[in-house]
Amino acid sequence: MVRAMSAADRLFSWRDPYDLQGSGDVFLQAVRENLNWHRSRCGTYRRILDDSGFLMDQLRREEDLWRIPVIPTLYLKRHHLRSVPREKVRRTAVSSGTGGVRSRVVYDFPSLLRGASMVKTVLSHHGVWSPVPCRYLVMGYEPHLQVETGTVQTAFGATFTAPAVSRTYAMKRVQGDGESGDLPLQPDGERYRWNPEEVERELLRYRAGAASPIPLRIVGFPSYIYFLAKELERRGVRLLPPAASCILMSGGWKTFWREEIGREEFLRLAEDVLGIGRQRIFEFYSSVEHNILYRRCREGHFHVPVYSRVIVRRPDTLEPAADGEAGLLSFVTPMMTGMPLLSIMTDDLAVMGRPAPGDACPCGCSTPWFDLLGRAGARQIVTCAAGAAERLREAVGEIPEWRGQP
(Lines give C-alpha, C1' and ligand atoms only; values in the text may rest on other atoms or scores of the structure.)
Protein backbone atom coordinates (compact mmCIF):
# COMPACT_ATOMS: atom_id res chain seq x y z
CA MET A 1 0.00 0.00 0.00
CA VAL A 2 1.39 3.40 -1.04
CA ARG A 3 1.53 6.00 1.73
CA ALA A 4 -0.32 9.22 0.95
CA MET A 5 2.01 12.15 0.36
CA SER A 6 2.07 14.50 3.36
CA ALA A 7 1.92 18.27 3.05
CA ALA A 8 5.63 18.42 4.00
CA ASP A 9 6.48 15.99 1.20
CA ARG A 10 4.55 18.14 -1.27
CA LEU A 11 6.24 21.28 0.00
CA PHE A 12 9.74 19.86 -0.30
CA SER A 13 8.92 18.65 -3.81
CA TRP A 14 7.89 22.16 -4.96
CA ARG A 15 9.47 22.95 -8.32
CA ASP A 16 10.12 26.66 -7.78
CA PRO A 17 12.09 27.11 -4.53
CA TYR A 18 11.00 30.76 -4.25
CA ASP A 19 7.27 30.45 -5.03
CA LEU A 20 6.09 31.55 -1.58
CA GLN A 21 2.72 32.74 -2.81
CA GLY A 22 1.83 29.53 -4.64
CA SER A 23 3.05 27.25 -1.83
CA GLY A 24 1.71 29.24 1.12
CA ASP A 25 -1.30 27.04 1.89
CA VAL A 26 0.78 23.88 1.65
CA PHE A 27 3.38 25.40 3.98
CA LEU A 28 0.81 26.16 6.68
CA GLN A 29 -0.69 22.70 6.35
CA ALA A 30 2.77 21.15 6.68
CA VAL A 31 3.49 23.25 9.78
CA ARG A 32 0.28 22.06 11.44
CA GLU A 33 1.08 18.43 10.58
CA ASN A 34 4.58 18.79 11.96
CA LEU A 35 3.41 20.42 15.17
CA ASN A 36 0.88 17.64 15.81
CA TRP A 37 3.50 14.99 15.01
CA HIS A 38 5.93 16.26 17.63
CA ARG A 39 3.24 17.02 20.19
CA SER A 40 2.13 13.38 20.10
CA ARG A 41 5.63 11.85 20.07
CA CYS A 42 7.88 14.05 22.21
CA GLY A 43 6.78 14.50 25.82
CA THR A 44 9.10 17.44 26.47
CA TYR A 45 7.87 19.27 23.40
CA ARG A 46 4.28 18.71 24.49
CA ARG A 47 5.16 20.28 27.85
CA ILE A 48 6.74 23.24 26.04
CA LEU A 49 3.50 23.78 24.14
CA ASP A 50 1.34 23.34 27.22
CA ASP A 51 3.50 25.61 29.38
CA SER A 52 3.24 28.38 26.80
CA GLY A 53 -0.53 27.96 26.52
CA PHE A 54 -0.25 27.43 22.78
CA LEU A 55 -3.36 26.12 21.01
CA MET A 56 -3.59 24.99 17.40
CA ASP A 57 -6.40 27.43 16.59
CA GLN A 58 -3.89 30.25 17.21
CA LEU A 59 -2.23 29.20 13.95
CA ARG A 60 -4.65 30.47 11.32
CA ARG A 61 -2.46 32.55 9.01
CA GLU A 62 1.19 32.87 8.10
CA GLU A 63 1.33 35.98 10.29
CA ASP A 64 0.64 33.71 13.29
CA LEU A 65 3.75 31.56 12.84
CA TRP A 66 5.73 33.58 15.39
CA ARG A 67 3.29 32.41 18.08
CA ILE A 68 4.56 28.83 17.88
CA PRO A 69 6.76 28.41 21.00
CA VAL A 70 10.31 29.02 19.89
CA ILE A 71 13.21 26.84 21.07
CA PRO A 72 16.61 28.62 21.31
CA THR A 73 19.54 26.77 19.78
CA LEU A 74 21.32 27.41 23.10
CA TYR A 75 18.74 25.10 24.72
CA LEU A 76 19.42 22.40 22.13
CA LYS A 77 23.13 22.50 22.94
CA ARG A 78 22.46 21.10 26.43
CA HIS A 79 19.18 19.17 26.10
CA HIS A 80 17.96 16.29 23.98
CA LEU A 81 14.60 16.34 22.22
CA ARG A 82 13.55 13.30 20.20
CA SER A 83 10.36 12.37 18.38
CA VAL A 84 11.48 8.98 17.06
CA PRO A 85 12.98 5.92 18.76
CA ARG A 86 16.69 5.29 18.42
CA GLU A 87 16.28 2.61 15.74
CA LYS A 88 14.61 5.17 13.45
CA VAL A 89 17.64 7.49 13.48
CA ARG A 90 19.48 7.40 10.14
CA ARG A 91 21.96 10.23 10.58
CA THR A 92 23.36 12.39 13.37
CA ALA A 93 24.93 15.82 12.96
CA VAL A 94 26.55 17.97 15.63
CA SER A 95 27.29 21.69 15.54
CA SER A 96 30.83 23.02 15.36
CA GLY A 97 30.75 24.02 19.02
CA THR A 98 32.71 27.25 18.85
CA GLY A 99 31.41 28.09 22.31
CA GLY A 100 32.45 24.74 23.78
CA VAL A 101 29.07 22.98 23.66
CA ARG A 102 27.34 21.37 20.68
CA SER A 103 23.87 20.69 19.45
CA ARG A 104 23.16 17.12 18.36
CA VAL A 105 20.51 16.76 15.67
CA VAL A 106 19.07 13.43 14.53
CA TYR A 107 17.45 12.68 11.19
CA ASP A 108 14.96 9.97 10.42
CA PHE A 109 14.54 8.72 6.85
CA PRO A 110 11.66 11.07 5.83
CA SER A 111 13.65 14.10 7.03
CA LEU A 112 16.66 13.01 4.99
CA LEU A 113 14.52 12.60 1.87
CA ARG A 114 12.99 16.06 2.28
CA GLY A 115 16.42 17.59 2.88
CA ALA A 116 17.90 15.91 -0.19
CA SER A 117 15.02 17.14 -2.36
CA MET A 118 15.46 20.68 -1.03
CA VAL A 119 19.21 20.69 -1.68
CA LYS A 120 18.75 19.36 -5.22
CA THR A 121 16.12 21.98 -6.07
CA VAL A 122 17.96 24.98 -4.57
CA LEU A 123 21.36 24.11 -6.03
CA SER A 124 19.82 23.39 -9.44
CA HIS A 125 17.99 26.72 -9.36
CA HIS A 126 21.24 28.59 -8.74
CA GLY A 127 23.32 26.66 -11.27
CA VAL A 128 25.61 24.93 -8.79
CA TRP A 129 25.17 21.43 -10.22
CA SER A 130 27.47 20.70 -13.13
CA PRO A 131 28.33 17.60 -15.22
CA VAL A 132 31.84 19.00 -15.82
CA PRO A 133 34.53 17.23 -13.73
CA CYS A 134 36.51 19.51 -11.42
CA ARG A 135 39.13 19.56 -8.71
CA TYR A 136 37.99 20.42 -5.18
CA LEU A 137 40.04 22.38 -2.68
CA VAL A 138 38.25 22.08 0.67
CA MET A 139 39.34 24.74 3.17
CA GLY A 140 38.25 22.58 6.08
CA TYR A 141 38.58 19.12 7.61
CA GLU A 142 39.05 15.79 5.85
CA PRO A 143 35.99 13.61 6.56
CA HIS A 144 35.87 10.04 7.79
CA LEU A 145 33.13 7.45 8.26
CA GLN A 146 32.37 8.30 11.90
CA VAL A 147 32.47 12.09 11.65
CA GLU A 148 29.28 13.79 12.92
CA THR A 149 30.31 17.45 12.77
CA GLY A 150 27.80 19.16 10.50
CA THR A 151 30.24 21.54 8.81
CA VAL A 152 32.49 18.63 7.81
CA GLN A 153 29.51 16.69 6.44
CA THR A 154 28.29 19.74 4.53
CA ALA A 155 31.69 20.47 2.96
CA PHE A 156 32.05 16.85 1.90
CA GLY A 157 28.54 16.91 0.43
CA ALA A 158 29.46 20.00 -1.60
CA THR A 159 32.12 17.93 -3.40
CA PHE A 160 29.34 15.99 -5.12
CA THR A 161 27.85 19.01 -6.92
CA ALA A 162 30.14 18.20 -9.86
CA PRO A 163 32.17 15.04 -10.59
CA ALA A 164 35.38 15.08 -8.56
CA VAL A 165 38.72 14.58 -10.28
CA SER A 166 40.37 15.11 -6.89
CA ARG A 167 39.64 16.34 -3.37
CA THR A 168 42.33 18.19 -1.42
CA TYR A 169 41.70 19.09 2.23
CA ALA A 170 43.41 21.94 4.05
CA MET A 171 43.19 19.99 7.33
CA LYS A 172 44.29 16.36 7.00
CA ARG A 173 43.23 13.70 9.47
CA VAL A 174 46.17 12.40 11.53
CA GLN A 175 46.48 8.67 12.11
CA GLY A 176 47.71 7.47 15.49
CA ASP A 177 48.55 9.74 18.43
CA GLY A 178 49.56 12.74 16.32
CA GLU A 179 51.88 15.54 17.40
CA SER A 180 51.68 18.47 19.77
CA GLY A 181 50.76 20.94 17.03
CA ASP A 182 47.78 18.95 15.78
CA LEU A 183 44.25 20.26 16.21
CA PRO A 184 41.56 18.05 17.81
CA LEU A 185 38.05 18.12 16.35
CA GLN A 186 35.64 17.53 19.20
CA PRO A 187 33.62 15.56 20.18
CA ASP A 188 34.99 12.61 18.17
CA GLY A 189 38.56 13.26 19.34
CA GLU A 190 40.10 13.02 15.86
CA ARG A 191 43.25 15.03 15.29
CA TYR A 192 44.02 17.15 12.23
CA ARG A 193 47.09 18.83 10.81
CA TRP A 194 47.45 21.78 8.46
CA ASN A 195 48.22 20.44 4.99
CA PRO A 196 50.21 23.20 3.20
CA GLU A 197 52.13 20.98 0.77
CA GLU A 198 49.06 19.46 -0.89
CA VAL A 199 47.18 22.77 -0.88
CA GLU A 200 50.08 24.54 -2.57
CA ARG A 201 50.53 21.74 -5.10
CA GLU A 202 46.84 21.95 -6.00
CA LEU A 203 46.94 25.74 -6.37
CA LEU A 204 50.05 25.66 -8.58
CA ARG A 205 47.94 23.93 -11.23
CA TYR A 206 46.08 27.23 -11.63
CA ARG A 207 48.90 29.72 -11.34
CA ALA A 208 49.21 32.14 -14.24
CA GLY A 209 50.87 30.22 -17.08
CA ALA A 210 49.95 26.74 -15.81
CA ALA A 211 46.61 26.76 -17.67
CA SER A 212 44.98 23.64 -16.18
CA PRO A 213 41.79 22.94 -18.20
CA ILE A 214 39.98 21.33 -15.24
CA PRO A 215 37.76 23.75 -13.26
CA LEU A 216 38.57 24.44 -9.61
CA ARG A 217 35.94 24.50 -6.86
CA ILE A 218 36.98 26.01 -3.52
CA VAL A 219 34.77 24.92 -0.61
CA GLY A 220 34.74 26.12 2.98
CA PHE A 221 34.25 28.92 5.49
CA PRO A 222 34.58 32.51 4.21
CA SER A 223 37.29 33.13 6.82
CA TYR A 224 39.46 30.23 5.66
CA ILE A 225 39.09 31.23 2.01
CA TYR A 226 39.97 34.81 2.93
CA PHE A 227 43.14 33.74 4.76
CA LEU A 228 44.14 31.66 1.73
CA ALA A 229 43.59 34.59 -0.64
CA LYS A 230 45.53 36.99 1.60
CA GLU A 231 48.50 34.63 1.77
CA LEU A 232 48.54 34.26 -2.01
CA GLU A 233 48.29 38.04 -2.36
CA ARG A 234 51.22 38.47 0.04
CA ARG A 235 53.28 36.16 -2.14
CA GLY A 236 52.23 37.94 -5.32
CA VAL A 237 50.48 34.83 -6.66
CA ARG A 238 47.42 35.15 -8.90
CA LEU A 239 45.36 32.16 -10.00
CA LEU A 240 43.75 31.81 -13.42
CA PRO A 241 41.36 28.86 -13.18
CA PRO A 242 38.88 28.07 -15.99
CA ALA A 243 35.69 30.16 -16.18
CA ALA A 244 33.58 27.25 -14.86
CA SER A 245 35.44 27.40 -11.52
CA CYS A 246 33.56 28.63 -8.44
CA ILE A 247 33.59 29.16 -4.68
CA LEU A 248 31.06 27.36 -2.45
CA MET A 249 31.04 28.74 1.07
CA SER A 250 28.91 28.87 4.20
CA GLY A 251 29.28 29.05 7.94
CA GLY A 252 30.21 32.68 8.49
CA TRP A 253 33.39 33.80 10.25
CA LYS A 254 32.81 31.99 13.57
CA THR A 255 35.77 32.53 15.94
CA PHE A 256 37.49 34.78 13.38
CA TRP A 257 34.86 37.53 13.61
CA ARG A 258 37.56 40.06 14.54
CA GLU A 259 39.20 39.49 11.14
CA GLU A 260 35.94 39.71 9.18
CA ILE A 261 36.14 42.04 6.19
CA GLY A 262 33.46 43.70 4.10
CA ARG A 263 31.76 41.74 1.37
CA GLU A 264 33.10 43.96 -1.41
CA GLU A 265 36.68 43.47 -0.20
CA PHE A 266 36.14 39.71 -0.15
CA LEU A 267 34.75 39.76 -3.70
CA ARG A 268 37.73 41.83 -4.83
CA LEU A 269 40.19 39.36 -3.36
CA ALA A 270 38.36 36.42 -4.89
CA GLU A 271 38.50 37.98 -8.34
CA ASP A 272 41.97 39.55 -8.23
CA VAL A 273 43.79 36.73 -6.44
CA LEU A 274 41.75 33.53 -6.84
CA GLY A 275 40.58 34.43 -10.33
CA ILE A 276 36.91 33.75 -9.56
CA GLY A 277 34.36 36.50 -10.28
CA ARG A 278 31.42 37.41 -8.03
CA GLN A 279 28.90 35.69 -10.30
CA ARG A 280 30.66 32.38 -9.55
CA ILE A 281 30.69 32.82 -5.75
CA PHE A 282 27.90 30.91 -4.05
CA GLU A 283 27.43 31.74 -0.37
CA PHE A 284 24.82 29.92 1.68
CA TYR A 285 23.48 30.21 5.20
CA SER A 286 22.36 27.14 7.14
CA SER A 287 22.98 25.54 10.51
CA VAL A 288 22.91 22.13 12.11
CA GLU A 289 19.73 23.09 13.98
CA HIS A 290 18.10 24.52 10.84
CA ASN A 291 19.49 22.82 7.75
CA ILE A 292 17.63 24.85 5.12
CA LEU A 293 19.74 26.50 2.40
CA TYR A 294 19.60 30.29 2.03
CA ARG A 295 21.59 31.58 -0.93
CA ARG A 296 23.07 35.08 -0.66
CA CYS A 297 22.12 37.08 -3.74
CA ARG A 298 24.30 39.59 -5.57
CA GLU A 299 22.75 42.37 -3.47
CA GLY A 300 23.97 40.65 -0.29
CA HIS A 301 20.57 39.34 0.88
CA PHE A 302 19.66 35.82 2.02
CA HIS A 303 16.27 35.20 0.37
CA VAL A 304 13.59 33.04 2.03
CA PRO A 305 12.72 29.83 0.11
CA VAL A 306 9.39 27.97 0.18
CA TYR A 307 10.65 25.51 2.80
CA SER A 308 10.73 27.97 5.69
CA ARG A 309 9.72 31.31 7.07
CA VAL A 310 12.15 33.70 8.77
CA ILE A 311 11.29 35.82 11.80
CA VAL A 312 13.61 38.42 13.34
CA ARG A 313 12.49 38.74 16.97
CA ARG A 314 12.74 41.58 19.43
CA PRO A 315 14.98 40.36 22.26
CA ASP A 316 12.73 41.63 25.05
CA THR A 317 9.38 40.17 23.92
CA LEU A 318 10.40 37.67 21.17
CA GLU A 319 7.69 39.25 19.00
CA PRO A 320 8.50 39.97 15.34
CA ALA A 321 10.65 43.03 14.83
CA ALA A 322 9.79 45.57 12.14
CA ASP A 323 11.63 45.33 8.83
CA GLY A 324 15.03 46.94 9.23
CA GLU A 325 15.01 46.54 13.03
CA ALA A 326 17.79 44.38 14.47
CA GLY A 327 16.84 41.30 16.46
CA LEU A 328 17.41 37.60 16.98
CA LEU A 329 17.19 35.44 13.88
CA SER A 330 14.64 32.62 14.07
CA PHE A 331 13.12 30.13 11.65
CA VAL A 332 10.04 27.99 11.11
CA THR A 333 10.24 24.87 8.94
CA PRO A 334 8.29 21.58 8.86
CA MET A 335 11.23 19.61 7.47
CA MET A 336 12.24 17.58 10.53
CA THR A 337 10.29 14.68 12.04
CA GLY A 338 13.20 13.15 13.96
CA MET A 339 13.16 15.94 16.55
CA PRO A 340 11.05 19.08 17.13
CA LEU A 341 12.90 21.79 15.22
CA LEU A 342 9.74 23.39 13.89
CA SER A 343 10.43 26.82 15.42
CA ILE A 344 13.96 27.64 16.57
CA MET A 345 15.82 30.81 17.50
CA THR A 346 19.54 31.41 16.97
CA ASP A 347 21.83 33.87 18.70
CA ASP A 348 22.63 35.47 15.33
CA LEU A 349 21.60 39.08 14.84
CA ALA A 350 19.79 40.05 11.66
CA VAL A 351 17.35 42.44 10.03
CA MET A 352 14.48 41.55 7.72
CA GLY A 353 13.76 43.22 4.39
CA ARG A 354 11.36 42.71 1.53
CA PRO A 355 10.62 44.24 -1.86
CA ALA A 356 7.66 46.54 -2.36
CA PRO A 357 4.38 44.79 -3.27
CA GLY A 358 4.53 43.57 -6.85
CA ASP A 359 8.24 44.34 -7.03
CA ALA A 360 11.40 42.26 -6.58
CA CYS A 361 14.93 42.55 -5.27
CA PRO A 362 17.34 43.87 -7.95
CA CYS A 363 18.65 40.30 -8.13
CA GLY A 364 15.23 39.26 -9.51
CA CYS A 365 13.95 37.32 -6.48
CA SER A 366 10.63 38.56 -5.03
CA THR A 367 10.73 36.84 -1.62
CA PRO A 368 11.62 38.51 1.71
CA TRP A 369 15.22 38.35 2.85
CA PHE A 370 17.39 38.66 5.94
CA ASP A 371 20.77 40.32 6.34
CA LEU A 372 23.15 39.03 9.00
CA LEU A 373 24.64 41.51 11.44
CA GLY A 374 26.84 39.06 13.36
CA ARG A 375 27.21 38.81 17.12
CA ALA A 376 29.99 41.21 18.04
CA GLY A 377 29.05 44.02 20.41
CA ALA A 378 25.63 42.56 21.19
CA ARG A 379 26.26 40.91 24.53
CA GLN A 380 22.95 42.01 26.03
CA ILE A 381 20.93 40.69 23.09
CA VAL A 382 22.72 37.35 23.09
CA THR A 383 22.10 37.16 26.83
CA CYS A 384 18.37 37.37 26.05
CA ALA A 385 18.69 34.22 23.93
CA ALA A 386 20.49 32.48 26.79
CA GLY A 387 17.80 33.68 29.20
CA ALA A 388 15.04 32.29 27.00
CA ALA A 389 16.82 28.93 26.92
CA GLU A 390 17.15 28.93 30.71
CA ARG A 391 13.47 29.77 31.21
CA LEU A 392 12.58 26.90 28.90
CA ARG A 393 14.77 24.52 30.88
CA GLU A 394 13.15 25.56 34.14
CA ALA A 395 9.66 25.13 32.67
CA VAL A 396 10.01 21.64 31.14
CA GLY A 397 12.98 20.10 32.91
CA GLU A 398 15.82 18.05 31.47
CA ILE A 399 14.21 14.81 30.30
CA PRO A 400 15.97 12.96 27.44
CA GLU A 401 13.53 12.00 24.69
CA TRP A 402 14.92 8.78 23.20
CA ARG A 403 11.82 6.68 23.72
CA GLY A 404 9.86 8.33 20.93
CA GLN A 405 6.74 7.96 23.07
CA PRO A 406 4.18 10.56 24.21
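Let me begin with the cysteines: this structure holds zero disulfides, a disulfide being a pair of cysteine sulfur atoms within 2.5 Å. C134 is in no disulfide, and the nearest cysteine sulfur, that of C246, is 7.1 Å away. C297 is in no disulfide either, with the sulfur of C363 as the nearest cysteine sulfur, 3.8 Å away.

I should say that this is a predicted model, in which local features need pLDDT of at least 70 and side-chain atom pairs count only at pLDDT 80 or more, while totals for chains, interfaces and linings use all residues. Residues are numbered from 1 along each chain as its sequence is written, and side-chain values use heavy atoms, with hydrogens and water left out.

Back to the cysteines: C134 counts as buried, at 1% relative accessibility, and C297 is buried too, with a relative accessible area of 6%, where buried means under 20% relative accessible area with a 1.4 Å probe, protein chains only.

Now to the interior. The largest nonpolar core, meaning a set of buried Ala, Val, Leu, Ile, Met, Phe, Trp, Tyr and Cys residues joined through side-chain atoms within 4.5 Å, has 72 residues, of which Y45, I68 and F370 touch the most other members. A second, separate core of 25 residues includes L216, I247, L267 and A270. As for F370, if we leave aside residues up to four places away in sequence, the residues that F370 touches include Y285, Y294, H301 and F302, contact here meaning heavy atoms within 4.5 Å.

How values were computed:
Buried means under 20% relative accessible area, exposed over 50%, partly exposed in between (1.4 Å probe, protein chains only).
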